[in-house]
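Could you walk me through this structure, stop by stop? I have it open in my viewer and would like to know what to select next.

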Amino acid sequence: MEKDLSNYRKSYEKGELLLTNVPENPIELFRDWFVEVDTHFDIEEANAMTISTFGLDGYPKNRVVLLKKYTHEGFIFYTNYNSEKGKAIEVNPNVCLSFFWHSAERQIIIKGKAEKIAENLSDGYFESRPRGSQLGAIVSNQSEVIKNRDELEAKLKRLEDEYEGKDILRPTYWGGYIVKPVEIEFWQGRPNRLHDRIRYQLQANFDWKIERLAP
C-alpha cells in the first residue's frame with residue numbers, strides 16, 4: 001500500500017517573526033505566543049506539547065503531554081515516574097518539547113533538562129485534580145502490559161469503594177517534572193517556504209544568545 005503525498009501544499013501567510021521585535025528572554029516570547037494562540041485562534045488544548053526522550057532501548061520516542069505551568073525557570077508537566085518516559089528521564093534527563101499550533105502557523109522547539117519538582121508542589125497539583133483523575137493516577141501502572149480494559153475498570157471500581165468519603169493522597173510514584181531550557185527555537189510560517197526561525201541559546205553567564213536560522 002502506498003499513497004503519494006507530494007501534491008500536498010499550504011501557503012503560510014499569517015505572521016512574521018523578526019529579530020528587531022523579539023524580547024531578550026525566550027520565556028517572554030513563549031508567554032506572548034501562548035496567550036495569543038490561546039485567545040485568538042481556534043486551538044483545543046493549546047498546552048498540548050510533544051515530549052521526546054531517549055528510551056532504555058536506545059530509540060527516541062515522542063508522545064503528547066499537557067503543559068501545566070511555565071515559569072522563568074522552565075516548563076512543568078505531570079506523569080507517572082515509573083512510566084516509560086519517567087524511566088527514560090531518570091537515565092537521561094535531556095529532553096525535547098515541541099508545540100505546533102497549526103492554525104497560527106507557529107511551532108516552538110525546546111531543548112532542556114528535566115528534573116522532578118518539589119514534592120509539596122506535586123501534592124498541591126494532585127489535590128487540585130478532579131477525583132476521577134486522582135483515582136486514575138493510582139489505577140494505571142502506566143506503560144505496563146495489561147490483559148484487557150476490564151482489568152482497569154475493575155481496579156477503578158475497587159478503589160472508588162475503598163476511597164469513598166476519604167481524601168485521596170498523591171502516590172509517591174506520580175508527580176511533576178520541570179524542563180529547564182538550554183535552547184528554544186521559534187518558527188513562524190511564511191510564504192514561499194521562507195519561514196522565520198529565531199533561536200535562543202543559553203550561555204554560561206545565563207544570558208540568551210539570539211540568532212536567525214535559515215528556513
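Here is a short tour that starts with the whole chain and then moves to two places inside it.

**Stop 1: the whole protein**

Keep in mind that this is a predicted model. Show everything as a cartoon and you will find five helices and nine strands. Follow the chain from the N terminus and the elements come in the order α-β-β-β-β-α-β-β-α-α-α-β-β-β. Turn the view around: along the principal axes, the C-alpha atoms fill a box of roughly 60 × 55 × 40 Å.

Now switch on the surface. The accessible surface comes to about 13,400 Å², and carbon and sulfur atoms hold 49% of that area. Of the 215 residues, 38% are buried. If you display contacts with a separation of 6 or more, 63% of them join residues that lie 24 or more positions apart.

**Stop 2: a pair of helices**

Select residues 131–139, which form helix α4, and residues 149–162, which form helix α5. How do their axes cross? They come within 10 Å and cross at roughly 120°. This angle is why α4 counts as oblique to α5. The crossing itself is right-handed.

Show side chains next. On the α4 side, the contact is made by Leu135, Ile138 and Val139. On the α5 side, look for Leu152, Lys155, Leu156, Leu159 and Glu160. Colour these contact residues by type and you get six nonpolar, two charged and no polar ones.

**Stop 3: the buried side of α4**

Stay with α4 and select Gln134, Leu135, Ala137, Ile138 and Val139, the buried residues of this helix. What covers them? The cover includes α3 (119–128), α5 and β7 (174–188), so add those to your view.

**Stop 4: Phe99**

Finally, move to strand β5, residues 94–101, and pick out Phe99. Is Phe99 buried or exposed? Its relative accessible area is 1%, so Phe99 is buried, a label that applies under 20%.

Show what surrounds this side chain. Leaving aside residues up to four places away in sequence, Phe99 touches Phe30, Ala46, Asn47, Ala48, Met49 and Leu67. Phe99 also touches Arg106, Gln107, Ile108 and Ile110.

For a last look, label Lys209 as well. Phe99 and Lys209 are 110 residues apart along the chain, and their C-alpha atoms are separated by 21 Å.

Methods: Residues are numbered from 1 along each chain as its sequence is written. This is a predicted model: local features need pLDDT of at least 70, side-chain atom pairs count only at pLDDT 80 or more; totals for chains, interfaces and linings use all residues. Side-chain values use heavy atoms; hydrogens and water are left out. Axes are lines fitted to C-alpha atoms, for helices over the stretch in contact, and angles run from 0 to 180 degrees between N-to-C directions. Helices (H or I, at least four residues) and strands (E, at least two) are DSSP runs, numbered from the N terminus. Angles under 35 degrees count as roughly parallel, over 145 as roughly antiparallel, 65 to 115 as roughly perpendicular and the rest as oblique. A crossing is left-handed if the near helix is turned anticlockwise from the far one by less than a right angle, and right-handed if clockwise. Contact means heavy atoms within 4.5 Å. Ala, Val, Leu, Ile, Met, Phe, Trp, Tyr, Cys and Pro count as nonpolar, Asp, Glu, Lys and Arg as charged, and the others, Gly among them, as polar. Buried means under 20% relative accessible area, exposed over 50%, partly exposed in between (1.4 Å probe, protein chains only). Accessible areas come from the Shrake-Rupley method with a 1.4 Å probe; for residues, only the protein chains shown count as cover.
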